[in-house]
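Here is a short briefing on one protein chain. Keep the sequence and the 3D view open as you read.

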Amino acid sequence: MTDFPSHIVRLADLPNRKRTHFTIEPDAAGRAAIAQTLGVPTLRKLRMDGDLIPLGKRDWRLEAKLGATVIQDCVVTLDPVTTRIDENIARTYTSNYEDPDASEVEMIDDDTTDPLPETLDLVAVALEALDLSIPAYPRKDGAETGTAVFTEPGKAAMTDEDARPFAGLGALRDSLEKKAEDDS
């Protein structure tokens, strides 16, 4: 197996008065290792292009564009499904980050702020964003699951329509309306 790629940056070593540009573009072996980690058959392309931007003396902001082409198996037909992913990534790494330790915690609106790490693996950031963007149930255009109905021999199969709680009431209403029309 190929070693998993990494691109580790020590933030304290970066100039804190200007942006630091980076490009992450793993080779075929690196993409194969990432595809295996994500559980997808093929990762045809992967590129993350962005900047690390200093915020004050210690804090940093990562802004990047992630582009990838992923090939997965269709959940219906098992045919290959190609998905193009284009995501903007924004993360803020702050030195005064406080991790809530209460038993009940409110969800915050900003989920892009993280504690300031000593080192930052840019491939791990790309991998996280890619993993969140990959379709969980890829489906080939036009693929239909169809309907399968099973029952014992000699019995009528129950369908989804039969299982609806008010299906019988609709039939009762229709028969009462017809009877009222016939009586008038």
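Strand 4 and strand 5 (residues 80-94) pair in the antiparallel sense, over 14 bridges. The model is a predicted one. The points below start from this pairing, move through the neighbouring strands, and end at a pocket.

**Strand 4 and its two partners**
- A64 has I89 of strand 5 opposite it.
- Six residues lie between strand 4 and strand 5, which form a hairpin. In that turn, L78 has a positive phi of about 65 degrees.
- Strand 4 also pairs with strand 3, again in the antiparallel sense, over 13 bridges.
- L62 in strand 4 is the bridge partner of L52.
- The hairpin of strand 3 and strand 4 has three residues between the strands. There G56 takes a positive phi near 75 degrees.
- Strand 4 covers residues 59-73, and 11 of its 15 residues are buried, so the strand is largely enclosed by the rest of the structure.

**Strand 2 against strand 3**
- Strand 2 and strand 3 form an antiparallel pair over five bridges.
- Within this pair, F22 stands opposite G50 of strand 3.
- In a regular strand, side chains alternate between the two faces of the sheet.
- Strand 2 (residues 20-24) shows such alternation. T20, F22 and I24 point to one face and are buried. H21 and T23 point to the other face and are not buried.

**D51 in strand 3**
- D51 belongs to strand 3, which spans residues 42-55.
- Is D51 buried or exposed? Its relative accessible area is 18%, under the 20% cut-off, so D51 counts as buried.
- The D51 side chain makes a polar contact with the side chain of R19, at 3.3 Å.
- Beyond its neighbours within four places in sequence, D51 is in contact with R19, T20, H21 and F22. R61, L62 and E63 are also among its contacts.

**P54 in strand 3**
- P54 is also placed in strand 3.
- With a relative accessible area of 15%, P54 is buried.
- Which residues does P54 contact, leaving aside its neighbours within four places in sequence? They are P15, N16, R17, K18, R19, D59 and W60.
- P54 and R19 are 35 residues apart in sequence, yet their C-alpha atoms are 6.7 Å apart in space.
- R19 is thus a contact of both D51 and P54.

**The second largest pocket**
- The volume of the second largest pocket is about 170 Å³.
- Its lining includes R10, L11, A12, L14 and N16. K57, R58 and W60 also line the pocket. L116, P117 and E118 complete the lining.
- By class, the lining of this pocket has six nonpolar residues, four charged residues and one polar residue.
- Two of the pocket-lining residues, N16 and W60, are also among the contacts of P54.

**The chain as a whole**
- The chain has four helices and seven strands.
- Along the sequence, their pattern reads β-β-α-β-β-β-β-β-α-α-α.
- The chain has 184 residues, and 30% of them count as buried.
- What share of the contacts with a separation of 6 or more comes from residues 24 or more positions apart? Such residues account for 63% of those contacts.

Note on methods: Residues are numbered from 1 along each chain as its sequence is written. This is a predicted model: local features need pLDDT of at least 70, side-chain atom pairs count only at pLDDT 80 or more; totals for chains, interfaces and linings use all residues. Side-chain values use heavy atoms; hydrogens and water are left out. On a 1 Å grid over the protein atoms alone, a cavity is a set of points where a 1.4 Å probe fits but cannot get out, and a pocket is an open set with protein on both sides within 12 Å along at least five of seven lines; lining residues have an atom within 4 Å of a point. Grid points are joined across faces, edges and corners, and a volume is the space filled by probe spheres set on the points. Ala, Val, Leu, Ile, Met, Phe, Trp, Tyr, Cys and Pro count as nonpolar, Asp, Glu, Lys and Arg as charged, and the others, Gly among them, as polar. Helices (H or I, at least four residues) and strands (E, at least two) are DSSP runs, numbered from the N terminus. Buried means under 20% relative accessible area, exposed over 50%, partly exposed in between (1.4 Å probe, protein chains only). A polar contact is a pair of N or O atoms within 3.5 Å; within protein, one must be able to donate a hydrogen and the other to accept it, and residues adjacent in sequence count only if both atoms are side-chain atoms. Contact means heavy atoms within 4.5 Å. Two strands pair if DSSP finds at least two bridges between them.
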